[in-house]
Amino acid sequence: MATTPPPLPLLLLLLLLGAFAATAFAAGEEFPRDGKVIDLDDSNFEAALSSINFLFVDFYAPWCGHCKRLAPELDEAAPVLAGLSEPIMVAKVNADKYRKLGSKYGVDGFPTLMLFIHGVPIEYTGSRKAGLLIRNLKKFVAPDVSILESDSAIKSFVENAGTSFPIFLGFGVNESLIAEYGGKYKKRAWFAVTKDYSEDLMVTYDFVKAPALVAVHPKYKEQTVFYGPFEGHFLEDFIKQSLLPLTVPINTETLKLLDDDDRKVVLAILEDDSDANSTQLVKVLRSAANANRDLVFGYVGVKQWEEFVETFDISKSSQLPKLLVWDRNEEYEQVEGSERLEDGDQASQVSRFLEGYRAGRTTKKQVSGPSFMGFMHSLVSMNSLYILIFVVALLGVMMYFAGQDDIPQPRRDHAE
(Lines give C-alpha, C1' and ligand atoms only; values in the text may rest on other atoms or scores of the structure.)
Protein backbone atom coordinates (compact mmCIF):
# COMPACT_ATOMS: atom_id res chain seq x y z
CA MET A 1 0.00 0.00 0.00
CA ALA A 2 1.49 3.39 -1.00
CA THR A 3 2.41 5.86 1.73
CA THR A 4 1.07 9.36 1.37
CA PRO A 5 3.91 11.91 1.46
CA PRO A 6 3.68 14.63 4.12
CA PRO A 7 2.24 17.98 3.10
CA LEU A 8 4.70 20.41 1.57
CA PRO A 9 4.73 22.86 4.54
CA LEU A 10 5.48 19.98 6.93
CA LEU A 11 8.28 18.75 4.64
CA LEU A 12 9.85 22.19 4.61
CA LEU A 13 9.59 22.33 8.39
CA LEU A 14 11.34 18.97 8.74
CA LEU A 15 14.12 20.08 6.39
CA LEU A 16 14.63 23.31 8.34
CA LEU A 17 14.73 21.41 11.64
CA GLY A 18 17.29 19.01 10.17
CA ALA A 19 19.46 21.85 8.93
CA PHE A 20 19.20 23.58 12.31
CA ALA A 21 20.14 20.40 14.13
CA ALA A 22 23.14 19.85 11.87
CA THR A 23 24.28 23.45 12.39
CA ALA A 24 23.86 23.20 16.15
CA PHE A 25 25.80 19.94 16.19
CA ALA A 26 28.65 21.48 14.21
CA ALA A 27 28.69 24.61 16.39
CA GLY A 28 28.83 22.48 19.49
CA GLU A 29 31.64 20.29 18.22
CA GLU A 30 34.43 19.88 20.71
CA PHE A 31 37.98 20.44 19.46
CA PRO A 32 41.00 19.00 21.26
CA ARG A 33 42.82 21.45 23.52
CA ASP A 34 45.80 19.19 24.22
CA GLY A 35 48.22 21.06 21.97
CA LYS A 36 47.98 18.79 18.94
CA VAL A 37 47.49 20.27 15.49
CA ILE A 38 43.78 20.10 14.58
CA ASP A 39 42.65 18.80 11.17
CA LEU A 40 39.95 21.04 9.70
CA ASP A 41 37.87 20.84 6.53
CA ASP A 42 34.65 22.17 5.01
CA SER A 43 32.50 20.45 7.63
CA ASN A 44 34.05 21.85 10.80
CA PHE A 45 36.04 24.98 9.90
CA GLU A 46 33.31 27.49 10.79
CA ALA A 47 32.60 25.61 14.02
CA ALA A 48 36.29 25.93 14.96
CA LEU A 49 36.19 29.68 14.32
CA SER A 50 33.11 29.96 16.54
CA SER A 51 34.56 28.04 19.47
CA ILE A 52 38.26 29.05 19.39
CA ASN A 53 39.17 32.69 20.03
CA PHE A 54 42.70 32.46 18.62
CA LEU A 55 43.10 29.95 15.80
CA PHE A 56 46.33 29.70 13.78
CA VAL A 57 45.67 27.90 10.49
CA ASP A 58 48.09 26.37 8.02
CA PHE A 59 46.49 26.18 4.57
CA TYR A 60 48.69 23.55 2.93
CA ALA A 61 48.94 21.16 -0.01
CA PRO A 62 50.17 17.57 0.51
CA TRP A 63 52.55 17.81 -2.44
CA CYS A 64 54.19 21.10 -1.33
CA GLY A 65 57.77 20.70 -0.11
CA HIS A 66 57.65 23.85 2.00
CA CYS A 67 54.49 22.57 3.68
CA LYS A 68 56.22 19.30 4.55
CA ARG A 69 59.11 21.17 6.17
CA LEU A 70 56.70 23.41 8.06
CA ALA A 71 54.69 20.53 9.58
CA PRO A 72 57.21 19.50 12.30
CA GLU A 73 57.70 23.17 13.27
CA LEU A 74 53.95 23.48 13.85
CA ASP A 75 53.91 20.21 15.79
CA GLU A 76 56.61 21.63 18.07
CA ALA A 77 54.97 25.04 18.50
CA ALA A 78 51.38 23.84 18.99
CA PRO A 79 51.60 22.60 22.62
CA VAL A 80 53.45 25.74 23.72
CA LEU A 81 50.88 28.02 22.07
CA ALA A 82 48.02 26.00 23.53
CA GLY A 83 49.50 26.47 27.00
CA LEU A 84 49.50 30.29 26.91
CA SER A 85 47.22 32.20 29.27
CA GLU A 86 45.35 33.17 26.08
CA PRO A 87 45.64 29.84 24.19
CA ILE A 88 46.36 29.82 20.47
CA MET A 89 45.20 26.60 18.84
CA VAL A 90 47.05 25.42 15.74
CA ALA A 91 45.10 23.81 12.87
CA LYS A 92 45.69 22.79 9.28
CA VAL A 93 43.51 22.66 6.17
CA ASN A 94 44.28 20.73 3.00
CA ALA A 95 43.50 23.69 0.76
CA ASP A 96 44.39 21.72 -2.34
CA LYS A 97 41.50 19.36 -1.58
CA TYR A 98 39.14 21.90 -0.03
CA ARG A 99 39.74 24.59 -2.61
CA LYS A 100 36.49 26.44 -1.99
CA LEU A 101 37.49 26.97 1.64
CA GLY A 102 40.95 28.17 0.66
CA SER A 103 39.50 30.47 -1.98
CA LYS A 104 37.18 32.03 0.59
CA TYR A 105 40.21 33.29 2.50
CA GLY A 106 42.30 34.27 -0.53
CA VAL A 107 44.69 31.32 -0.46
CA ASP A 108 46.61 31.31 -3.75
CA GLY A 109 49.90 29.70 -2.68
CA PHE A 110 51.19 27.14 -0.23
CA PRO A 111 51.68 27.27 2.62
CA THR A 112 49.48 30.22 3.59
CA LEU A 113 49.39 30.93 7.33
CA MET A 114 46.58 32.89 9.00
CA LEU A 115 45.78 33.81 12.56
CA PHE A 116 42.03 34.11 13.17
CA ILE A 117 41.32 36.43 16.12
CA HIS A 118 37.67 35.95 17.07
CA GLY A 119 37.03 34.85 13.50
CA VAL A 120 38.86 37.76 11.84
CA PRO A 121 41.80 36.57 9.67
CA ILE A 122 45.27 38.14 9.71
CA GLU A 123 47.82 36.70 7.30
CA TYR A 124 51.05 35.68 9.04
CA THR A 125 54.25 36.24 7.05
CA GLY A 126 56.87 35.97 9.78
CA SER A 127 59.36 33.26 10.60
CA ARG A 128 58.22 29.64 10.39
CA LYS A 129 60.78 28.26 12.84
CA ALA A 130 59.00 26.99 15.96
CA GLY A 131 60.76 29.26 18.46
CA LEU A 132 60.34 32.45 16.43
CA LEU A 133 56.80 31.48 15.47
CA ILE A 134 55.86 31.21 19.16
CA ARG A 135 57.60 34.50 19.92
CA ASN A 136 55.74 36.36 17.17
CA LEU A 137 52.30 34.89 17.85
CA LYS A 138 52.49 35.68 21.58
CA LYS A 139 52.53 39.36 20.65
CA PHE A 140 49.18 39.03 18.84
CA VAL A 141 47.30 37.75 21.90
CA ALA A 142 48.92 40.03 24.48
CA PRO A 143 46.96 43.10 25.61
CA ASP A 144 48.14 46.41 24.16
CA VAL A 145 49.07 47.55 27.67
CA SER A 146 49.25 45.28 30.71
CA ILE A 147 48.28 46.61 34.16
CA LEU A 148 50.65 45.44 36.91
CA GLU A 149 49.60 45.71 40.55
CA SER A 150 52.72 44.59 42.47
CA ASP A 151 56.45 43.90 42.39
CA SER A 152 55.78 40.21 41.77
CA ALA A 153 53.46 41.04 38.84
CA ILE A 154 56.16 43.25 37.30
CA LYS A 155 58.76 40.51 37.70
CA SER A 156 56.46 37.90 36.12
CA PHE A 157 55.60 40.23 33.23
CA VAL A 158 59.27 40.85 32.40
CA GLU A 159 60.13 37.14 32.66
CA ASN A 160 57.22 36.11 30.41
CA ALA A 161 58.05 38.83 27.87
CA GLY A 162 61.40 37.17 27.18
CA THR A 163 64.36 38.82 25.47
CA SER A 164 63.25 39.19 21.86
CA PHE A 165 61.43 42.53 22.14
CA PRO A 166 62.02 45.76 24.06
CA ILE A 167 59.85 46.32 27.15
CA PHE A 168 58.29 49.65 28.16
CA LEU A 169 57.35 49.94 31.85
CA GLY A 170 55.40 52.98 33.00
CA PHE A 171 55.83 53.87 36.69
CA GLY A 172 53.19 56.36 37.79
CA VAL A 173 52.26 56.96 34.15
CA ASN A 174 48.60 57.28 33.19
CA GLU A 175 47.50 54.20 31.25
CA SER A 176 45.66 56.34 28.66
CA LEU A 177 48.95 58.00 27.68
CA ILE A 178 50.52 54.64 26.81
CA ALA A 179 47.47 52.89 25.33
CA GLU A 180 47.72 54.55 21.90
CA TYR A 181 51.35 53.55 21.42
CA GLY A 182 50.80 50.11 22.94
CA GLY A 183 48.44 49.37 20.07
CA LYS A 184 50.51 51.14 17.43
CA TYR A 185 53.79 49.38 18.26
CA LYS A 186 52.34 46.15 19.64
CA LYS A 187 54.18 43.90 17.20
CA ARG A 188 57.56 45.36 18.14
CA ALA A 189 57.47 45.83 21.91
CA TRP A 190 55.79 44.97 25.24
CA PHE A 191 53.98 47.72 27.16
CA ALA A 192 52.88 47.79 30.80
CA VAL A 193 51.78 50.33 33.41
CA THR A 194 52.51 49.68 37.08
CA LYS A 195 49.98 50.61 39.76
CA ASP A 196 52.09 49.80 42.81
CA TYR A 197 55.81 49.21 43.23
CA SER A 198 58.50 49.32 45.90
CA GLU A 199 61.67 51.37 46.26
CA ASP A 200 63.58 48.22 45.38
CA LEU A 201 62.01 48.36 41.91
CA MET A 202 63.11 51.99 41.58
CA VAL A 203 66.67 50.86 42.23
CA THR A 204 66.35 47.91 39.84
CA TYR A 205 65.12 50.10 36.98
CA ASP A 206 67.30 53.08 37.94
CA PHE A 207 64.70 55.85 38.11
CA VAL A 208 64.44 58.44 40.89
CA LYS A 209 60.96 59.89 40.49
CA ALA A 210 57.58 59.26 38.90
CA PRO A 211 56.08 59.49 36.39
CA ALA A 212 58.80 57.65 34.49
CA LEU A 213 58.77 55.39 31.45
CA VAL A 214 61.58 52.84 31.45
CA ALA A 215 62.65 51.22 28.17
CA VAL A 216 64.39 47.88 28.69
CA HIS A 217 66.28 45.82 26.09
CA PRO A 218 66.85 42.49 27.87
CA LYS A 219 68.75 41.03 24.92
CA TYR A 220 71.33 43.85 25.01
CA LYS A 221 71.17 44.49 28.79
CA GLU A 222 70.23 48.14 28.23
CA GLN A 223 67.64 50.38 29.80
CA THR A 224 66.75 54.05 29.40
CA VAL A 225 64.49 56.30 31.48
CA PHE A 226 62.11 58.97 30.16
CA TYR A 227 60.74 61.55 32.62
CA GLY A 228 58.64 63.49 30.15
CA PRO A 229 57.12 65.65 28.93
CA PHE A 230 54.38 63.11 28.31
CA GLU A 231 52.45 65.19 25.80
CA GLY A 232 52.84 66.11 22.16
CA HIS A 233 55.41 64.24 20.10
CA PHE A 234 57.94 63.78 22.93
CA LEU A 235 56.53 60.51 24.26
CA GLU A 236 56.22 58.87 20.85
CA ASP A 237 59.69 60.07 19.84
CA PHE A 238 61.15 58.35 22.89
CA ILE A 239 59.25 55.13 22.18
CA LYS A 240 60.25 55.09 18.49
CA GLN A 241 63.89 55.76 19.30
CA SER A 242 63.90 53.11 22.04
CA LEU A 243 62.57 50.33 19.82
CA LEU A 244 66.22 49.81 18.88
CA PRO A 245 69.05 49.39 21.40
CA LEU A 246 71.44 52.31 21.86
CA THR A 247 74.06 50.48 19.81
CA VAL A 248 72.75 48.18 17.08
CA PRO A 249 74.71 45.19 15.76
CA ILE A 250 74.12 45.29 12.03
CA ASN A 251 72.81 42.00 10.64
CA THR A 252 69.96 40.81 8.47
CA GLU A 253 67.44 41.05 11.31
CA THR A 254 68.33 44.53 12.56
CA LEU A 255 68.65 45.85 9.01
CA LYS A 256 64.92 45.24 8.56
CA LEU A 257 64.22 47.21 11.75
CA LEU A 258 66.36 50.09 10.48
CA ASP A 259 64.20 50.25 7.38
CA ASP A 260 61.33 51.45 9.62
CA ASP A 261 63.47 54.15 11.28
CA ASP A 262 63.98 57.53 9.62
CA ARG A 263 67.20 58.42 11.49
CA LYS A 264 70.66 58.33 9.92
CA VAL A 265 73.11 55.72 11.18
CA VAL A 266 76.51 56.39 12.70
CA LEU A 267 78.17 53.20 11.54
CA ALA A 268 81.35 51.80 13.07
CA ILE A 269 83.10 49.30 10.80
CA LEU A 270 85.37 46.94 12.74
CA GLU A 271 87.66 44.02 11.99
CA ASP A 272 85.78 41.70 14.34
CA ASP A 273 82.87 43.02 16.39
CA SER A 274 83.39 40.37 19.09
CA ASP A 275 87.00 41.07 20.11
CA ALA A 276 87.97 43.01 23.24
CA ASN A 277 88.90 46.27 21.46
CA SER A 278 85.59 46.33 19.59
CA THR A 279 83.64 45.65 22.78
CA GLN A 280 85.28 48.67 24.40
CA LEU A 281 84.47 50.87 21.41
CA VAL A 282 80.83 49.75 21.48
CA LYS A 283 80.65 50.97 25.10
CA VAL A 284 81.94 54.36 23.96
CA LEU A 285 79.36 54.46 21.16
CA ARG A 286 76.61 53.58 23.66
CA SER A 287 77.45 56.67 25.72
CA ALA A 288 77.46 58.82 22.58
CA ALA A 289 74.13 57.33 21.48
CA ASN A 290 72.50 58.24 24.79
CA ALA A 291 73.36 61.89 24.17
CA ASN A 292 72.53 61.90 20.44
CA ARG A 293 69.12 60.25 20.20
CA ASP A 294 68.45 61.78 16.77
CA LEU A 295 70.98 59.29 15.33
CA VAL A 296 71.18 55.50 15.35
CA PHE A 297 74.56 54.07 16.38
CA GLY A 298 75.40 50.77 14.73
CA TYR A 299 78.44 48.55 14.32
CA VAL A 300 79.46 45.69 12.05
CA GLY A 301 82.54 43.53 11.74
CA VAL A 302 84.24 42.61 8.47
CA LYS A 303 84.55 39.10 9.87
CA GLN A 304 80.80 38.97 10.60
CA TRP A 305 79.45 40.42 7.32
CA GLU A 306 82.13 41.11 4.73
CA GLU A 307 79.72 41.41 1.79
CA PHE A 308 77.80 44.23 3.48
CA VAL A 309 80.93 46.09 4.58
CA GLU A 310 82.40 46.02 1.05
CA THR A 311 79.63 48.34 -0.17
CA PHE A 312 81.34 51.13 1.82
CA ASP A 313 84.61 50.61 -0.08
CA ILE A 314 86.13 48.61 2.76
CA SER A 315 88.65 45.95 1.83
CA LYS A 316 90.96 43.66 3.79
CA SER A 317 93.69 46.28 3.47
CA SER A 318 91.55 49.10 4.95
CA GLN A 319 92.62 50.61 8.24
CA LEU A 320 89.96 49.97 10.85
CA PRO A 321 87.98 50.83 12.94
CA LYS A 322 86.28 53.44 10.79
CA LEU A 323 83.28 55.71 11.41
CA LEU A 324 80.83 57.06 8.84
CA VAL A 325 77.25 58.35 8.70
CA TRP A 326 74.92 56.31 6.50
CA ASP A 327 71.51 57.45 5.24
CA ARG A 328 70.24 53.80 5.30
CA ASN A 329 70.08 53.90 1.52
CA GLU A 330 72.65 54.59 -1.16
CA GLU A 331 74.69 57.42 0.35
CA TYR A 332 77.09 57.86 3.25
CA GLU A 333 79.27 60.66 4.63
CA GLN A 334 82.83 60.66 5.91
CA VAL A 335 83.91 63.35 8.36
CA GLU A 336 87.07 65.14 7.25
CA GLY A 337 89.96 64.35 9.57
CA SER A 338 88.02 61.61 11.40
CA GLU A 339 87.97 58.83 8.82
CA ARG A 340 89.64 56.36 11.17
CA LEU A 341 89.76 55.85 14.95
CA GLU A 342 93.29 55.63 16.31
CA ASP A 343 94.40 53.76 19.42
CA GLY A 344 94.06 55.81 22.58
CA ASP A 345 91.23 58.05 23.76
CA GLN A 346 88.46 56.86 21.46
CA ALA A 347 85.78 58.75 23.40
CA SER A 348 87.37 62.06 22.40
CA GLN A 349 87.74 60.89 18.81
CA VAL A 350 84.04 59.93 18.63
CA SER A 351 83.15 63.38 20.05
CA ARG A 352 85.27 65.11 17.38
CA PHE A 353 83.65 62.93 14.72
CA LEU A 354 80.16 63.97 15.84
CA GLU A 355 81.20 67.62 16.11
CA GLY A 356 82.55 67.52 12.55
CA TYR A 357 79.38 65.86 11.29
CA ARG A 358 77.15 68.44 12.99
CA ALA A 359 79.28 71.23 11.52
CA GLY A 360 78.94 69.80 8.01
CA ARG A 361 82.63 69.00 7.52
CA THR A 362 81.78 65.89 5.52
CA THR A 363 82.40 64.27 2.16
CA LYS A 364 79.45 62.47 0.61
CA LYS A 365 79.96 59.19 -1.18
CA GLN A 366 77.82 56.59 -2.92
CA VAL A 367 77.83 53.00 -1.80
CA SER A 368 79.39 50.64 -4.30
CA GLY A 369 78.12 47.38 -5.74
CA PRO A 370 74.93 46.65 -7.68
CA SER A 371 73.45 44.52 -4.89
CA PHE A 372 73.22 47.16 -2.16
CA MET A 373 69.49 47.86 -2.46
CA GLY A 374 68.95 44.18 -1.92
CA PHE A 375 70.46 44.50 1.57
CA MET A 376 67.87 47.07 2.55
CA HIS A 377 64.73 45.70 0.98
CA SER A 378 64.91 41.99 0.31
CA LEU A 379 68.31 41.06 1.78
CA VAL A 380 68.99 39.18 -1.44
CA SER A 381 71.65 40.41 -3.86
CA MET A 382 70.80 40.86 -7.54
CA ASN A 383 73.08 37.99 -8.47
CA SER A 384 71.33 35.77 -5.95
CA LEU A 385 67.98 36.92 -7.31
CA TYR A 386 68.99 35.97 -10.85
CA ILE A 387 70.07 32.55 -9.59
CA LEU A 388 66.79 32.14 -7.73
CA ILE A 389 64.77 33.02 -10.84
CA PHE A 390 66.83 30.57 -12.88
CA VAL A 391 66.32 27.78 -10.32
CA VAL A 392 62.56 28.37 -10.16
CA ALA A 393 62.35 28.36 -13.95
CA LEU A 394 64.40 25.17 -14.12
CA LEU A 395 62.14 23.49 -11.58
CA GLY A 396 59.14 24.57 -13.61
CA VAL A 397 60.57 22.91 -16.72
CA MET A 398 61.34 19.75 -14.72
CA MET A 399 57.77 19.63 -13.43
CA TYR A 400 56.41 20.03 -16.95
CA PHE A 401 58.48 17.24 -18.44
CA ALA A 402 58.89 14.90 -15.50
CA GLY A 403 55.60 15.45 -13.70
CA GLN A 404 57.34 16.48 -10.48
CA ASP A 405 54.92 18.25 -8.18
CA ASP A 406 56.99 19.26 -5.17
CA ILE A 407 57.67 22.81 -6.36
CA PRO A 408 58.28 25.78 -4.00
CA GLN A 409 55.70 28.55 -4.14
CA PRO A 410 57.80 31.75 -4.41
CA ARG A 411 55.05 34.14 -3.35
CA ARG A 412 54.69 32.47 0.03
CA ASP A 413 58.30 31.47 0.65
CA HIS A 414 59.06 34.33 3.05
CA ALA A 415 62.69 34.59 4.10
CA GLU A 416 63.45 33.35 7.59
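This is a short walk through the structure in your viewer, one selection at a time. Keep in mind that you are looking at a predicted model.

**Stop 1: two helices early in the chain**

Start by selecting residues 65-82, which form helix H3, and residues 130-141, which form helix H5. Their axes are 9 Å apart, and the helices pack at an angle of about 40 degrees. That makes H3 and H5 oblique to each other, and their crossing is right-handed. Now show the side chains at the contact: on the H3 side you want Glu-73, Leu-74, Glu-76, Ala-77, Val-80 and Leu-81, and across from them in H5 are Ala-130, Leu-133, Ile-134 and Leu-137. Colour them by class and you get 8 nonpolar residues, 2 charged ones and no polar ones.

**Stop 2: a sheet of five strands**

Next, look for an open sheet with 5 strands. Going across it, the order is S6-S8-S7-S9-S10, and the pairing is mixed. Which strands stand at the edges? Select 146-148 for S6 and 222-226 for S10: each has a single partner strand, so one side of each has no neighbour in the sheet. From one strand to the next, the twist averages 20 degrees.

Zoom in on the middle part with strand S7, residues 167-171, and strand S8, residues 190-194. The two pair in the parallel sense, over 5 bridges. To see one of the partnerships, click Gly-170 and then its bridge partner in S8, Val-193.

**Stop 3: an aromatic pair and an odd backbone angle**

Move on to the loops on either side of helix H8, residues 199-204. Tyr-197 sits in the loop between S8 and H8, while Phe-207 is in the loop between H8 and strand S9 (212-217), 10 residues apart. Show both rings: their centres are 5.9 Å apart and their planes are at 65 degrees, so this counts as an edge-to-face pair. If you like hunting for rings, a search of the whole structure turns up 21 aromatic pairs.

While you are here, click Asp-206, in the loop between H8 and S9. Its phi is near 55 degrees, a positive value in a residue other than glycine.

**Stop 4: another helix pair**

Select residues 175-184 for helix H7 and residues 234-242 for helix H9. The axes come within 11 Å and cross at roughly 40 degrees, and the crossing is right-handed. H7 brings Leu-177, Ile-178, Tyr-181 and Lys-184 to the contact, and H9 brings Leu-235, Glu-236 and Ile-239. Sorted by class, that is 5 nonpolar residues and 2 charged ones, with no polar residue.

On the loop between S10 and H9, stop at Pro-229. The peptide bond joining Gly-228 and Pro-229 is cis, with omega at about 5 degrees.

**Stop 5: a sheet of six strands**

Now find the open sheet with 6 strands, again with mixed pairing. Its order is S11-S13-S12-S14-S15-S16. Strand S11 (247-249) and strand S16 (362-366) are the edges; each has a single partner strand, so one side of each is left without a neighbour in the sheet. On average, neighbouring strands here are turned by 30 degrees against each other, direction ignored.

At the S11 edge, S11 pairs with strand S13 (residues 296-301) in the parallel sense, over 3 bridges. Click Val-248 to find one end of a bridge; its partner in S13 is Gly-298.

Then look at the loop between helix H12 (306-309) and S14 for Pro-321. The peptide bond from Leu-320 to Pro-321 is cis, with omega near 5 degrees.

**Stop 6: the helices lying across that sheet**

Finish with helix H11, residues 276-291, and helix H13, residues 346-359. H11 lies across S11, strand S12 (265-270), S13 and strand S14 (322-326), and runs at about 170 degrees to S13. H13 lies across S12, S13, S14, strand S15 (331-335) and S16, at about 30 degrees to S14.

How do H11 and H13 meet each other? Their axes come within 10 Å and cross at roughly 45 degrees, so the two are oblique, and the crossing is right-handed. Select Leu-281, Val-284, Leu-285 and Ala-288 in H11, then Gln-346, Ala-347, Val-350 and Leu-354 in H13, to light up the contact. Here the classes come to 7 nonpolar and 1 polar, with no charged residue.

Terms used:
Residues are numbered from 1 along each chain as its sequence is written. This is a predicted model: local features need pLDDT of at least 70, side-chain atom pairs count only at pLDDT 80 or more; totals for chains, interfaces and linings use all residues. Side-chain values use heavy atoms; hydrogens and water are left out. Axes are lines fitted to C-alpha atoms, for helices over the stretch in contact, and angles run from 0 to 180 degrees between N-to-C directions. Helices (H or I, at least four residues) and strands (E, at least two) are DSSP runs, numbered from the N terminus. Angles under 35 degrees count as roughly parallel, over 145 as roughly antiparallel, 65 to 115 as roughly perpendicular and the rest as oblique. A crossing is left-handed if the near helix is turned anticlockwise from the far one by less than a right angle, and right-handed if clockwise. Contact means heavy atoms within 4.5 Å. Ala, Val, Leu, Ile, Met, Phe, Trp, Tyr, Cys and Pro count as nonpolar, Asp, Glu, Lys and Arg as charged, and the others, Gly among them, as polar. Two strands pair if DSSP finds at least two bridges between them. Rings of Phe, Tyr and Trp (its six-membered ring) pair if their centres lie within 6.5 Å; planes under 30 degrees apart count as stacked, over 60 as edge-to-face and the rest as tilted.
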